[in-house]
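Let's take a walk through this fold, starting with the cysteines and ending at the sheet. Keep the viewer open as you read.

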Amino acid sequence: VRADAAFVGDGRYSGDGGLDLERVWRLATYRALRNCPGRYVMLDRGMREMPPGRVVEGAGIDPSSTWEGRYEIAARDPIIVVHVRGGGGLVSYDHGADSSPRYVHTFNTCSGM
């Protein structure tokens with residue numbers, strides 16, 4: 001990946017994020033979410049055991065360059081959002097420690113966030 005590159009992904013949303021987003025894209029296989037422009041679900045089951053911050057670190061991204069927030073709504077799975085430098089990131093649903101797989105990660109371009 002070139003240092004000056006922007007997000008390319010599958011070509012549908014080229015430029016809709018930065019280099020760090022492209023690094024996360026290259027970690028896994030994704031399926032586009034119908035009627036959700038710029039959103040994809042991560043298909044790699046091995047990644048579903050990893051918290052989203054670790055997924056992003058696995059792409060070689062320094063955690064100090066990201067922003068992470070956790071949102072909890074009554075009767076819903078908690079949501080963890082990790083924004084990466086240049087735009088976009090992961091929105092992950094935490095099904096809890098007793099669930100396998102624990103996390104469902106969605107990959108989001110700037111438009112999908």
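Cys36 is partly exposed, with a relative accessible area of 28%. Before going further, bear in mind that what you're looking at is a predicted model. Does Cys36 sit in a disulfide or in no disulfide? There are zero disulfides in the structure, and Cys36 is in none: the nearest cysteine sulfur belongs to Cys110 and lies 16 Å away. Seen from the other end, the closest cysteine sulfur to that of Cys110 is the one in Cys36, and 16 Å is too far for a bond. The cut-off for calling a pair of sulfurs a disulfide is 2.5 Å. Cys110 counts as partly exposed too, at 34% relative accessibility.

Now look at Asn35, in the loop between S1 and S2. Its phi is near 60 degrees, which is a positive value in a residue other than glycine. That's worth a glance on a Ramachandran plot, since most residues other than glycine have a negative phi. Asn35 is also exposed, at 74% relative accessible area.

That loop leads us to the sheet. Six strands make up an open sheet, and if you read across it the order is S1-S2-S6-S5-S4-S3, with antiparallel pairing. The edges are strand S1 (30–32) and strand S3 (67–71), each of which pairs on one side only. On average, neighbouring strands in this sheet are turned by 25 degrees against each other, direction ignored. As a general reminder, strands of a sheet pair through backbone hydrogen bonds, either parallel or antiparallel.

Zoom in on one of those pairings. Strand S2 (residues 39–42) and strand S6 (residues 103–108) run antiparallel and are joined by three bridges. If you want a register marker, use Arg39, which stands opposite Asn108 in S6.

Next come the charged side chains. How many salt bridges does a search of the whole structure find? The count is seven. One of them brings together Asp94 and Arg70, whose closest N and O atoms are 3.4 Å apart. Asp94 lies in strand S5 (residues 89–94) and Arg70 in strand S3, so this contact ties together parts that are 24 residues apart in sequence. The two partners sit in contrasting surroundings: Asp94 is buried, with a relative accessible area of 3%, whereas Arg70 is partly exposed at 44%. Zoom out a little and you'll find a network of salt bridges that links Arg70, Glu72, Asp94 and Arg102.

Another salt bridge joins the side chains of Asp20 and Arg23, at 3.1 Å from N to O. Why are these two about one helical turn apart? Because they are three residues apart in helix H1 (residues 19–25). Asp20 is buried, at 2% relative accessibility, while Arg23 is partly exposed with a relative accessible area of 29%.

Finally, have a look at Glu22, which forms a salt bridge with Arg26. Here the closest N and O atoms are 2.9 Å apart. Is Glu22 buried or exposed? Glu22 counts as buried, at 4% relative accessibility, but its partner Arg26 counts as exposed, at 55%. So in this pair a buried acid meets an exposed arginine.

Technical notes: Residues numbered from 1 in each chain as written. Predicted model: local features only at pLDDT ≥ 70, side-chain atom pairs only at ≥ 80, totals over all residues. Heavy atoms only, no water. Pairing = 2+ DSSP bridges. Helix = DSSP H or I, 4+ residues; strand = E, 2+ residues; numbered from the N terminus. Axes fitted to C-alpha atoms, helices over the stretch in contact; angles between N-to-C directions. Salt bridge = Lys/Arg side-chain N within 4 Å of Asp/Glu carboxyl O. Buried < 20%, exposed > 50% of the residue type's maximum accessible area, 1.4 Å probe, protein only.
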